[in-house]
Amino acid sequence: MPPFPWDAAGPPLTRQTDGTYTTSVEMMTGMTHEFKVTRGTWSTVEVKADDSDITNRTFTAKGDDVIDVKVAAWRDKGV
């Protein structure tokens, strides 16, 4: 899979039979990457359970990493 260019909407997610969503993105190994989860726009960005902003999620790619993310809440309350 070619590297995924930055896009506010992000990479498309695929719903799994267990209700979770997955995607696959090629990243440059050894680099630190940052991201946030949205449902397509900043008005639908993830937030903490108390509705406060979260900092960017970060990780350093090491190869075929799997990153599990749980979203506590959504800016628009998920509507």
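## Salt bridges and rings in an all-strand model

D76 is buried, with a relative accessible area of 19%, a value that falls just inside the class because buried means under 20% relative accessible area. The model in which this aspartate sits is a predicted one, and D76 itself is placed in the segment after β6. Leaving aside neighbours within four places in sequence, D76 is in contact with R39, S43 and T44.

One of these contacts can be described at the level of atoms, since the side chains of R39 and D76 meet in a salt bridge, with 2.9 Å from N to O. The two partners come from distant parts of the chain: R39 belongs to the loop between β3 (32–35) and β4 (46–47), whereas D76 belongs to the segment after β6 (73–74), and 37 residues separate them. The side chains of D76 and R39 are also joined by a polar contact of 2.9 Å. Whereas D76 is buried, R39 counts as partly exposed at 40% relative accessibility. R39 has a further partner, for the charged end of this arginine sits over the ring of W74, 5.1 Å from the centre of that ring.

To place these residues, it helps to step back to the fold as a whole. The protein has six strands and zero helices, so that its pattern, read along the sequence, is β-β-β-β-β-β. Of the 79 residues, 15% count as buried, and D76 is one of the residues in that class. The protein exposes about 6,200 Å², of which carbon and sulfur atoms supply 55%. Among the contacts with a separation of 6 or more, 54% are accounted for by residues 24 or more positions apart.

How many salt bridges does a search of the whole structure find? The search finds four, including the R39 and D76 pair already described. Another of them joins the side chains of D51 and K77, at 2.2 Å from N to O. D51 lies in the loop between β4 and β5 (57–60) and K77 in the segment after β6, so this pair ties together parts of the chain that are 26 residues apart in sequence. D51 is partly exposed, with a relative accessible area of 31%, while K77 is exposed, with a relative accessible area of 57%.

The side chains of D53 and R75 also meet in a salt bridge, at 2.1 Å from N to O. Here D53 lies in the loop between β4 and β5 and R75 in the segment after β6, so the pair ties together parts that are 22 residues apart in sequence. R75 is partly exposed, with a relative accessible area of 33%.

The strands themselves supply a link between aromatic rings, and the count comes to one aromatic pair. That pair is formed by F35 and F59, whose rings lie edge-to-face, 6.1 Å from centre to centre and with 70 degrees between the planes. F35 lies in strand β3 and F59 in strand β5, so the pair ties together parts that are 24 residues apart in sequence. F59 counts as buried at 17% relative accessibility, whereas F35, at 24%, counts as partly exposed.

Definitions and conventions
Residues numbered from 1 in each chain as written. Predicted model: local features only at pLDDT ≥ 70, side-chain atom pairs only at ≥ 80, totals over all residues. Heavy atoms only, no water. Helix = DSSP H or I, 4+ residues; strand = E, 2+ residues; numbered from the N terminus. Buried < 20%, exposed > 50% of the residue type's maximum accessible area, 1.4 Å probe, protein only. Contact = heavy atoms within 4.5 Å. Areas by Shrake-Rupley, 256 points an atom, 1.4 Å probe, with all protein chains shown as cover. Phe/Tyr/Trp six-rings, centres within 6.5 Å; stacked < 30°, edge-to-face > 60°. Lys NZ or Arg CZ within 6 Å of the ring centre and 35° of its normal. Polar contact = N/O pair within 3.5 Å; in protein donor to acceptor, adjacent residues only side chain to side chain.
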